[in-house]
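Trainee: Could you take me through one part of this model up close: how pairs of helices pack against each other? I'd like to know how to read that kind of contact.

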Amino acid sequence: MSIQTVNQHWDIFCAVVDNYGDIGVTWRLARQLAEEYQLDINLWVDDLNSFSHILPALTPDKRSQTFNRVTIHQWNVPLEINFVPGAVLIEAFGCELPEQVKSQLIAQQQNPGDTPPLWLNLEYLSAENWVEGCHGLPSMQASGIKKYFYFPGFTPRTGGLICEKSLLEQRTAWQSAPENKLALFTQLGLTGIDVQDKVFSVFSYEAEALAALCQLWQGADQKIHALIPKGRSLNSLTHLLPCSVAELAPGQQIVIGNLNLHILPMTDQPSFDRLLWSCDFNIVRGEDSFLRAQWAAKPFIWHIYPQEDDYHLVKLEAFINLYCDNLAPEIARCWTELNLAFNQDQQSAVTLHWQNLDSVNLPLLQHAQKWPIYALNDADLATRLVQFVKNS
Ligand SMILES: Cc1cn([C@H]2C[C@H](O)[C@@H](COP(=O)(O)OP(=O)(O)O[C@H]3O[C@@H](C)[C@H](O)[C@@H](O)[C@H]3O)O2)c(=O)[nH]c1=O
């Protein structure tokens, strides 16, 4: 008699396109599923070097390693590690699964005594209305297996947003004691920041609008600290730097008028979250830091990932409409114009709208504090995903 063991683990495949967003999202999801739902998670990643920027403890040339209860496997072609199908298979952002994996799914499908894992494609986050209609739809693959489209989103009829169960509580506790932020700045090697100084984090793509804001901040009537990791934002600020971007060192400080520009080290995600909690304003980008700025409950600019034919502006406006619903018109206008100007690289408009922020700072902050509960609706993405799997 043969006893068939049913493997209950989940596999997540992530191909790093560019930047850190794909691995940033899948790593957060993997951790949350392992920690909060006690699931055995294998995270297969094709670029461990990129991954090590946001998980410095990772060894990029190791084939398998475990962090936070997640087994991280190197995904190379052909796959060197034996793939054992589990209960769920997630391909992130339409990455093409390895041939070895696909052929095993087909073999399982053709074997009457066997069931292939539930196959999901995790899509990019968008606030557009059509997402509700597409979330959860199956698509029949040539193999005869169904693949489901799982769309994150801001409304109850979407797949939800990644947010760990105790995150908002932790953030509130952190923000209630100013010594926390000062200790973090010291830990990151940043010096000379006093408790009353204005501190802005900057994690954007290249932007002339950022150069314009820096020029404005130089002449501010109080000290401003802009915390910027080595990377794409600095490519737009080379005229302010004493050396090339490559030669900059974390902790280095460049003082121009009242602007103190600090070079940030890249940290792991929990430290990055705490950095956003600790700043007065955050300029973020892409998908994951965009969401984390919302959970930070601070005003922010979203530098959206540029897409062909300016399609990103459609996505930006969809989010702006949601975020500004319930916001007084003059505050909504101010925040909208600032975000549009930044994303369209309008230098004089961005400085004008930044100056207008002064008059709406408090209500904008209050809105940012209420927003996370509203955006999460009844449940976060991991909770909805586990439910989706149970119901399928
Ligand atoms: C600066 C910094 C970032 N991070 C993390 C936070 C996020 O998880 C990640 C950055 O991801 P994002 O904010 O999404 O921005 P990104 O520009 O790096 O990623 C983008 O990649 C494209 C391929 C996608 O299409 C975009 O939607 C977007 O996700 O890096 C750290 O953990 N530590 C750090 O010090």
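Mentor: Let's go through the helix pairs one at a time, then look at what lies around them.

This is a predicted model, so there's a filter: local features need a pLDDT of at least 70, side-chain atom pairs count only at pLDDT 80 or more, and totals for chains, interfaces and linings use all residues. Residue numbers start from 1 along each chain as its sequence is written. pLDDT is the predictor's confidence in each residue, from 0 to 100. Here the chain averages 96, with 98% of the residues scoring at least 70. For the complex, the predictor gives an ipTM of 0.98 and a pTM of 0.97.

Now some vocabulary. Helices (H or I, at least four residues) and strands (E, at least two) are DSSP runs, numbered from the N terminus. An axis is a line fitted to C-alpha atoms, for helices over the stretch in contact, and angles between N-to-C directions run from 0 to 180 degrees. Under 35 degrees counts as roughly parallel, over 145 as roughly antiparallel, 65 to 115 as roughly perpendicular, and the rest as oblique. A crossing is right-handed if the near helix is turned clockwise from the far one by less than a right angle, and left-handed if anticlockwise. Two residues are in contact if their C-beta atoms, placed from the backbone, lie within 7 Å. As for classes, Ala, Val, Leu, Ile, Met, Phe, Trp, Tyr, Cys and Pro are nonpolar, Asp, Glu, Lys and Arg are charged, and the others, Gly among them, are polar.

Start with H7 (residues 208–218) and H12 (residues 347–357): their axes are 8 Å apart, at an angle of about 50°. That's why H7 and H12 count as oblique. Their crossing is right-handed. On the H7 side, Glu 208, Ala 209, Ala 212, Leu 213 and Leu 216 make the contact, and on the H12 side Gln 347, Val 350, Thr 351 and Trp 354 do. By class, that's 6 nonpolar, 2 polar and 1 charged residues.

Next, H10 (residues 311–324) and H11 (residues 329–343) cross at roughly 160°, their axes coming within 11 Å. So H10 is roughly antiparallel to H11. The crossing of H10 and H11 is right-handed too. Leu 313, Leu 316, Ile 320 and Cys 324 of H10 touch Ala 332, Trp 335, Thr 336, Asn 339 and Asn 343 of H11. This contact has 6 nonpolar, 3 polar and no charged residues.

Finally, the axes of H1 and H14 (residues 381–391) come within 10 Å and cross at roughly 70°. H1 is therefore roughly perpendicular to H14. Leu 29, Gln 32, Leu 33, Glu 36 and Tyr 37 in H1 meet Leu 381, Ala 382 and Val 386 in H14. They split into 6 nonpolar, 1 polar and 1 charged.

H1 also takes us to the ligand: H1 (21–37), H8 (269–278) and H9 (288–295) each supply at least two residues of the shell around the ligand. A residue is near a molecule or strand if its C-beta atom, placed from the backbone, lies within 6 Å of it. Of the 23 residues around the ligand, Asn 19, Gly 21, Gly 24, Gly 286 and Ser 289 come nearest.
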